[in-house]
Amino acid sequence: MGIGSFLKLVEIQTKVASVIPFLLGTFYSLYRYDNFNIKNAIIMFLSMIIFDMTTTAINNYMDYAKAVKKEGYGYETHNAIVSYNLNPKVVRITIYFMLILATALGLLLVKNTNIIVLLIGAVSFVIGITYSFGPIPISRTPFGEIFSGLAMGFIITFLTIYIHIFDLGILSINFNNLSNISINFNIIELIYIFIVSLPAIMGISNIMLANNICDIDEDIENKRYTLPIYIGKENALKLFKWLYYIGFIAIVVGVLLRILPIVSIVTLLVLKVINKNINKFNKIQTKKDTFILAVKNFVVMNVTYALTILVGVVLNLFY
């Protein structure tokens, strides 16, 4: 397997969906808690990226293995195993290697922090694996958008924040003995972190939603009963629009609650670009022509949003 085919197998261009929540969590940790642990950040980043590549490779492998219709709908080009004529055995070995490496890095991060990271990391691993693997993969159900949005938009953001502030008492578990386990958490701060992560959650959910809208005909052929198939294309397109609006509302709420810098309101300026792309997607929904608009919307909205928080960090240094 060459570098080009490997990057296609893991769809390296989609890793922005992991990197942006990571940046968002990092900047928010600096802004609200004035904490940053570079060693934990590096380990977290590597584990996150490698595991994201692993889940994508599993998804492509399972699509290849379970495909009923093996031509048409661009199947021959958008599945790397087919387009690069990859050996399925080599693909499986690559997946196992990446999974072991991501797990090892995750355990190293747990060693540097606490059991909360282990528990949340384990949940992430289970979601990531069952998303594409098992008797009923999540990606083949109406729950793909929910799980992908929460796993990548919220959990990555939360963990990225938590690895810097794990000792501040926001969330902890204490084992006095096997029969005495206490869980301590600051519900207000946890709600705040959820609000801050909502633009990422909505944007990532919409990437999955756009993908499933574009694949409705192919998914019916391959017995993938996704959300747009259940609610219909018209309702799916309405949901596509409103998920972005929920993200923008969350930013306004965050500014009003003073958990985000007032400069974050600048993110609303990209609403015009988002609406333009929504209208284009409403007219035609194909992988070749318009799916990329969901990725562009996610990047434009959340990069702008994350940078406003970074600006807030810089302003705090001077005022």
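**Contacts, salt bridges and a nonpolar patch in the predicted model**

Thr113 makes contact with Asn40, Ile163 and Phe166, when residues up to four places away in sequence are not counted. The structure described here is a predicted model. Within it, Thr113 occupies the loop that joins helix H6 (88-112) to helix H7 (115-132). With a relative accessibility of 13%, Thr113 is classed as buried, because the cut-off for burial is under 20% relative accessible area. The C-alpha atom of Thr113 lies 33 Å from that of Ile265, a residue 152 places away along the chain.

Ser197 is a second buried position, with a relative accessibility of 0%. This residue belongs to helix H9. When neighbours within four places in sequence are left aside, the contacts of Ser197 are Leu24, Gly153, Phe154 and Thr157.

Helix H9 also takes part in a salt bridge, through Glu189. Side chains of opposite charge can pair when their charged atoms come close. Six salt bridges were found in a search of the whole structure. In one of them, the side chains of Arg32 and Glu189 meet with an N to O distance of 2.8 Å. Arg32 is part of helix H2 (residues 16-33) and Glu189 is part of helix H9, so this pair ties together parts that are 157 residues apart in sequence. Arg32 is partly exposed, at 29% relative accessibility, whereas Glu189 is buried, with a relative accessible area of 12%.

A salt bridge is also formed by the side chains of Lys287 and Asp215, at 3.0 Å from N to O. Lys287 is located in the loop between helix H13 (271-283) and H14, and Asp215 in the loop between H9 and helix H10 (216-221); the pair therefore ties together parts that are 72 residues apart in sequence. The relative accessible area of Lys287 is 31%, and the residue is partly exposed. Asp215, at 9% relative accessibility, counts as buried.

The salt bridge between Lys238 and Glu234 has its closest N and O atoms 3.9 Å apart. Both residues are in helix H12, and because they are four residues apart, about one helical turn separates them. Lys238 is partly exposed, with a relative accessible area of 44%, while Glu234 is exposed, with a value of 57%.

Helix H12 (residues 233-256) packs with helix H14 (residues 291-318) at an angle of about 5 degrees, and the two axes are 12 Å apart. H12 is therefore roughly parallel to H14, since angles under 35 degrees fall in that class. On the H12 side, the contact is made by Phe240, Tyr244, Gly247, Phe248 and Ile251. H14 contributes Ala294, Asn297, Met301 and Tyr305.

At the surface, Phe175, Ile181, Ile183, Phe185, Ile187, Ile188 and Ile191 make a nonpolar patch of about 690 Å². Strand E2 (180-185) and helix H9 (187-214) are the elements that give two or more residues to this patch. Among the patch residues, Ile183 is placed in strand E2. Ile183 has a relative accessible area of 52% and is classed as exposed, because the cut-off for that class is over 50%. Helix H9 thus contributes to the nonpolar patch and also holds the buried residue Ser197.

Terms used. Residues are numbered from 1 along each chain as its sequence is written. This is a predicted model: local features need pLDDT of at least 70, side-chain atom pairs count only at pLDDT 80 or more; totals for chains, interfaces and linings use all residues. Side-chain values use heavy atoms; hydrogens and water are left out. Patches are made of residues with over 30% relative accessible area and no salt bridge: like charges are joined within 9 Å, nonpolar side chains (Val, Leu, Ile, Met, Phe, Trp, Tyr) within 5 Å. Accessible areas come from the Shrake-Rupley method with a 1.4 Å probe; for residues, only the protein chains shown count as cover. A salt bridge is a side-chain nitrogen of Lys or Arg within 4 Å of a carboxyl oxygen of Asp or Glu. Buried means under 20% relative accessible area, exposed over 50%, partly exposed in between (1.4 Å probe, protein chains only). Axes are lines fitted to C-alpha atoms, for helices over the stretch in contact, and angles run from 0 to 180 degrees between N-to-C directions. Angles under 35 degrees count as roughly parallel, over 145 as roughly antiparallel, 65 to 115 as roughly perpendicular and the rest as oblique. Contact means heavy atoms within 4.5 Å.
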